[in-house]
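Trainee: Got a minute to walk me through this one? I have the structure open and don't know where to start.
Mentor: Sure, ask away.

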Amino acid sequence: MMIKFNELTFAYRGATPILQSFNWFVQPGERWTILGPSGCGKTTLLYLLAGLRFPTGGKLLIDGDPLTRPRPTSGLILQEYGLLPWATVRENAELGLRVHGFYGADGIHAPRGETPMDFNVLPWLERLGLDRLSDKYPSQISGGQRQRTAIARTLALHPDLLLMDEPFSSLDAVNRADLQNLTLELCAEEKLTLVMVTHAIEEAAIMGEKILLLGNPPNKKPIIISNPNAGKKGYRDSQPYIDLCHDLRQQMEVV
Amino acid sequence: MKKRDVFFAGLAIILFWQISALIIDCNIMPSPFIVIQIFFKELFGGDMLEHAAASLWRVLASMVLSVAFAAPAGLVLGQSKRLNQLFSPVIYLLYPIPKVVLVPILLLFFGVGDLSKILIIFMILFFQILVLVRDQAASLPVELLQSVRSLGAGRRALFRFVYLPASLPAILTALRQSVGTAVAVLYIAELIATQRGLGYYIYFNGSTLLDYPVMYAGVLAMSLLGLGLYFAVDWMEHRLCKWQFVK
């Protein structure tokens, strides 16, 4: 699964383009974080990748094909409000499978191949430590548990691309670190390509092997920072990590 | 609310009624015990059951019809800004009109049969459900819709998995809130040009036969009809929308 932004422009009507003739590549299995101040367009970029918004110029190609609607094998996890309030943890985790089952394997709404008939998400709930909460409603569980449910729902669909929009920003520090580690583990286990939007410099440095820095619009040239040690054990406490955070802070002030 | 508290509240009301009857000591205020006796006698030996069935049928038919028409209309308006902009002013004007004043007009157009009575209750429930379902559908967080869309959901799946379940509490809340008004308006509608229904039964026994205990039994029956429907909707809400009541 390869992503290519080819001379891509995106502008909301009457506003300065957020991206202008923007070129960017993501190789399969890479873990990217997109960092930038509020209003820089990082969420818009994620929505473009999710097929929920479309370029106003240029092309967004995934595996060589233009993206015209949400891909059945991309998973999107948002900061909040992603779960159905009337459904239990288990029912929420099953939702993606049920949507795919609803349409059948049409290749548009669900991947071609077999229509999911088995909506068993228990292994995922167990993997994410939610099995005891499977009959609880979202209002009965913590923010961290809600995000775990959203992750279970997405991973149950076996995606190849995981898109996350500030998924942990409303969590406390301990929960945030916990879920960051879990996401890194799951990306490795499932061989996922990850694109995570964040406004937190520390999170960008911990999660992204590559960091795309966006500034105030229009963004014309991608600023990419390589961070090959991200995700390795002990990186959180290492000097290179602290130096990188420092660098990123300085660069953010410039852009 | 605890069942025990409701039970004691009911007892307190009966006690208050009994004390009032003792103080007033006149045939226009019979004791609740006499009324309850007559209620059962009329229900199983008299013709009250037939009248109650006519009233119940009218309310239930209106409820089913109003849900069938208002819920889809509310969902469409809630999803489409353009349609909502078009119809909002019309709803804004029609919604607050006390529908009961339309009874004479409906009688002119639809005659004295069941249809005019069903239609008047339908109109009350219709607007209440329409507005609540529309607002509920329109207030769904964009993030929720986007995240379900990202799972592959198109229009049909969004409808099935998001809009439909989201509108259920709105429908039940609207029914619960307006079922009392519906029964009140039914009473008015049944006063006019009919010989079936609890409204007629109350009026006929009170004003023509001057049989006050039977009239009171009719009032009790109509109150129980309203109360029963309220409890039924409330029960459905607790059963179908469990998530709203969890702690």
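**Working through the model**

Mentor: Start with a helix pair: in this predicted model, helix α3 (residues 48–79) of chain B packs against helix α9 (residues 198–208) of chain B at an angle of about 135 degrees, and their axes are 7 Å apart.

Trainee: What does that make α3(B) and α9(B) to each other?

Mentor: Oblique. An angle has to be over 145 degrees to count as roughly antiparallel, and the angle here is about 135 degrees.

Trainee: Which residues of α3(B) and α9(B) meet?

Mentor: From α3(B) there are B:Met48, B:His51, B:Ala52 and B:Ser55, and from α9(B) there are B:Leu198, B:Tyr200 and B:Tyr201. Sorted by class, that contact has five nonpolar residues, two polar and no charged ones.

Trainee: At what angle do α8 and α10 of chain B pack?

Mentor: About 180 degrees, with 9 Å between the axes; α8 covers residues 155–191 of chain B and α10 covers residues 212–240. That angle makes α8(B) roughly antiparallel to α10(B).

Trainee: Which residues make the contact between α8(B) and α10(B)?

Mentor: On the α8(B) side they include B:Leu168, B:Leu172, B:Val179 and B:Tyr187. On the α10(B) side, B:Leu225, B:Leu229, B:Val233 and B:Leu240 are among them. The contact of α8(B) with α10(B) splits into 13 nonpolar, two polar and three charged residues. B:Arg176 of α8(B) takes part, as do B:Asp234 and B:Glu237 of α10(B).

Trainee: How is chain B cut into domains?

Mentor: The domain assignment gives domain 1 as 1–29 and domain 2 as 31–244. The centres of these two domains of chain B, taken over C-alpha atoms, are separated by 28 Å.

Trainee: And what is the mean pLDDT of chain B?

Mentor: It is 92, and 100% of the residues of chain B reach 70 or more. The model scores ipTM 0.84 and pTM 0.83.

Trainee: Over to chain A. What are its domains?

Mentor: Domain 1 of chain A is 1–73 + 162–255, and domain 2 is 78–158. Their C-alpha centres lie 24 Å apart.

Trainee: How many residues of each are in contact?

Mentor: Domain 1 of chain A puts in 14 residues and domain 2 of chain A puts in 12. On the domain 1 side, β7 (161–165) and α5 (173–190) of chain A each supply at least two residues. The largest share of that side comes from α5(A), with four residues. By class, the domain 1 side divides into seven nonpolar, four polar and three charged residues.

Trainee: What about sheets in chain A? Which strands are in the six-stranded one, and in what order?

Mentor: The order is β6-β7-β8-β3-β9-β10 (chain A), in an open sheet with mixed pairing. Its edge strands are β6 and β10 of chain A, each of which pairs on one side only. Direction ignored, neighbouring strands in this sheet are turned by 20 degrees against each other on average.

Trainee: Mixed how? Do β3 and β9 of chain A run parallel or antiparallel?

Mentor: Parallel: β3 (residues 31–35) and β9 (residues 210–213) of chain A are joined by four bridges. One of the pairs is A:Leu35 with A:Leu213 in β9(A). On the other hand, β9(A) pairs with β10 (residues 223–226) of chain A in the antiparallel sense, over four bridges. In β10(A), A:Ile225 is the bridge partner of A:Ile211, and A:Ile223 is that of A:Leu213.

Trainee: So A:Leu213 turns up twice. What does the other sheet look like, the one with β2-β1-β4-β5?

Mentor: A:Leu213 does have a partner in A:Leu35 and another in A:Ile223. The other sheet is open, has four strands of chain A and pairs antiparallel. Its edge strands are β2 (19–26) and β5 (65–66) of chain A. Inside it, β1 (residues 3–10) and β4 (residues 57–62) of chain A share five bridges, among them the one from A:Ile3 to A:Ile62 in β4(A).

Trainee: Last topic. How many residues of chain A and chain B go into the contact?

Mentor: There are 24 residues from chain A and 18 residues from chain B. On the chain A side, β6 (74–77) and α2 (89–103) of chain A are the elements that give two or more residues. Of these, α2(A) gives the most, with seven residues. The chain A side divides into 15 nonpolar, seven polar and two charged residues.

Methods
Residues are numbered from 1 along each chain as its sequence is written. Chains are lettered from A and ligands numbered from 1 in the order in which they are written. This is a predicted model: local features need pLDDT of at least 70, side-chain atom pairs count only at pLDDT 80 or more; totals for chains, interfaces and linings use all residues. Two residues are in contact if their C-beta atoms, placed from the backbone, lie within 7 Å. Ala, Val, Leu, Ile, Met, Phe, Trp, Tyr, Cys and Pro count as nonpolar, Asp, Glu, Lys and Arg as charged, and the others, Gly among them, as polar. Domain bounds come from an automatic or database domain assignment. pLDDT is the predictor's confidence in each residue, from 0 to 100. Axes are lines fitted to C-alpha atoms, for helices over the stretch in contact, and angles run from 0 to 180 degrees between N-to-C directions. Angles under 35 degrees count as roughly parallel, over 145 as roughly antiparallel, 65 to 115 as roughly perpendicular and the rest as oblique. Two strands pair if DSSP finds at least two bridges between them.
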